[in-house]
Amino acid sequence: MNKLLVVATGNPGKLREMQAYLADSGWELALKPEDLDVEETGETFAENAGLKASTIAKVTGNWAIADDSGLRVDALNGDPGVYSARYGNTDAERIERLLRELGDQENRQARFVCAIAVANPQGEIVIQSEGVCHGEILFSPAGDGGFGYDPVFYVPEQQLTFAQMRTDLKKSISHRGHALKALLPQLIRI
């Protein structure tokens with residue numbers, strides 16, 4: 001019988017994505033209660049993931065998993081970082097602001113970072129992992145897939161933006177994919 005793991009998200013798309021990665025883990029995934037939101041007050045992705053996992057676990061009395069991710073751009077001293085989702089009100093606004101702040105800067109190196117935390121029902125963090133995908137920011141969007149900063153995040157090894165990649169390719173090289181791969185062996189042992 002599968003054990004229950006509450007995912008600290010209200011987003012069914014993120015739940016499906018995690019289910020695909022963790023299909024053979026022995027865990028059944030479920031969305032957090034709709035009315036339960038956790039404010040992300042951490043200064044790092046790992047702190048925010050831990051805060052969300054711990055809170056959801058304590059409130060629900062179940063094991064919980066949470067992630068926090070975002071874009072770090074070298075020329076912007078690592079911004080937008082933990083504020084990636086709050087860099088604008090829409091994906092278009094966030095991309096527009098990022099491109100405006102970068103301007104004609106030649107150094108466009110960037111990386112997507114994803115931190116994941118798993119908490120036991122008492123709210124103690126028992127597993128943490130992190131994944132990184134290196135790339136660069138284009139001068140204008142390319143591709144119509146994905147979400148967030150995907151149209152401007154270019155991966156030189158693939159010669160594609162995240163928004164131009166097939167889902168299976170993005171899944172295999174993305175920051176979230178790397179973090180979940182690192183997490184899986186530890187999750188299976190619980």
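## Working through a predicted model

Gln159 is exposed, with a relative accessible area of 59%. Keep in mind that this is a predicted model. Grab the structure and let's go.

### Exercise 1: Backbone oddities

Work out where Gln159 and Asn77 sit, and what phi does at each.

**Solution.** Start with Gln159, which belongs to the loop between β6 and β7 (160–161). Its phi is near 55°, so we have a positive value in a residue other than glycine, and with exposed meaning over 50%, the 59% computed for Gln159 puts it in that class.

Next, Asn77: look in the loop between β3 and α3. Asn77 isn't a glycine either, yet its phi is positive, about 55°. At 72% relative accessibility, Asn77 is exposed.

While you're in the loop between β3 and α3, check Pro80, which is found there too. The peptide bond joining Asp79 and Pro80 is cis, with omega at about 5°.

### Exercise 2: Leu71, buried or exposed?

Decide whether Leu71 is buried or exposed, then list what it touches.

**Solution.** First, find Leu71 in strand β3. Buried means under 20% relative accessible area, and Leu71 comes in at 0%, so buried it is.

Now the contacts, skipping neighbours within four places in sequence. From the loop you just visited, Pro80 touches Leu71, and so does Asp79. Other partners of Leu71 include Leu98, Ala110, Phe112, Ile137, Tyr149 and Phe153. Ala142 makes a handy distance check: it is 71 residues from Leu71 along the chain, with 17 Å between the C-alpha atoms.

### Exercise 3: The nonpolar cores

Which residues have the most contacts inside the largest nonpolar core, and which element gives the most to it?

**Solution.** This core has 20 residues, and Leu71, Val73, Leu98, Ile137, Tyr149, Phe153 and Phe162 have the most contacts inside it. At least two residues each come from β3, α3, β4 (109–119), β5 (125–137), β6 (153–155) and α4. The top contributor is α3, with four residues.

Zoom in on Ile137 as a test case. Setting aside neighbours within four places in sequence, its contacts include Leu71, Val73, Leu98, Leu99, Leu102 and Phe153. There's also a second, separate core of 17 residues, and Val7, Leu29, Leu180 and Leu187 are among them.

### Exercise 4: One helix, inside and out

Why do the buried residues of α1 line one face of the helix?

**Solution.** Pick out the buried residues of α1: Leu15, Met18 and Tyr21. Look down the helix axis and these buried residues fall within an arc of 125°, so they line one face of α1. As a reminder, an α-helix has 3.6 residues a turn, so residues three or four places apart point the same way.

Then ask what those residues pack against. For the buried residues of α1, the partners are β1 (3–7), β2 (27–31), β3, α4 and α5.

### Exercise 5: The largest pocket

What lines the largest pocket, and which element gives the most to the lining?

**Solution.** The volume is about 1,100 Å³. Of the 42 lining residues, Asn11, Lys14, Ser69, Phe147 and Arg176 lie nearest the centre of the pocket. Two or more lining residues come from each of α1 (12–21), α2 (45–60), β3 (63–73), α3 (91–102), α4 (167–173) and α5 (175–189). Here α1 gives the most, with six residues. Sorted by class, the lining has 17 charged, 13 polar and 12 nonpolar residues.

Definitions and conventions
Residues numbered from 1 in each chain as written. Predicted model: local features only at pLDDT ≥ 70, side-chain atom pairs only at ≥ 80, totals over all residues. Heavy atoms only, no water. 1 Å grid on protein atoms, 1.4 Å probe; cavity = no way out; pocket = protein on both sides within 12 Å on 5 of 7 lines; lining within 4 Å. Points joined across faces, edges and corners; volume = space filled by probe spheres on them. Nonpolar A, V, L, I, M, F, W, Y, C, P; charged D, E, K, R; others polar. Core = buried A, V, L, I, M, F, W, Y, C linked by side-chain atoms within 4.5 Å. Buried < 20%, exposed > 50% of the residue type's maximum accessible area, 1.4 Å probe, protein only. Contact = heavy atoms within 4.5 Å. Arc of directions from axis to C-beta.
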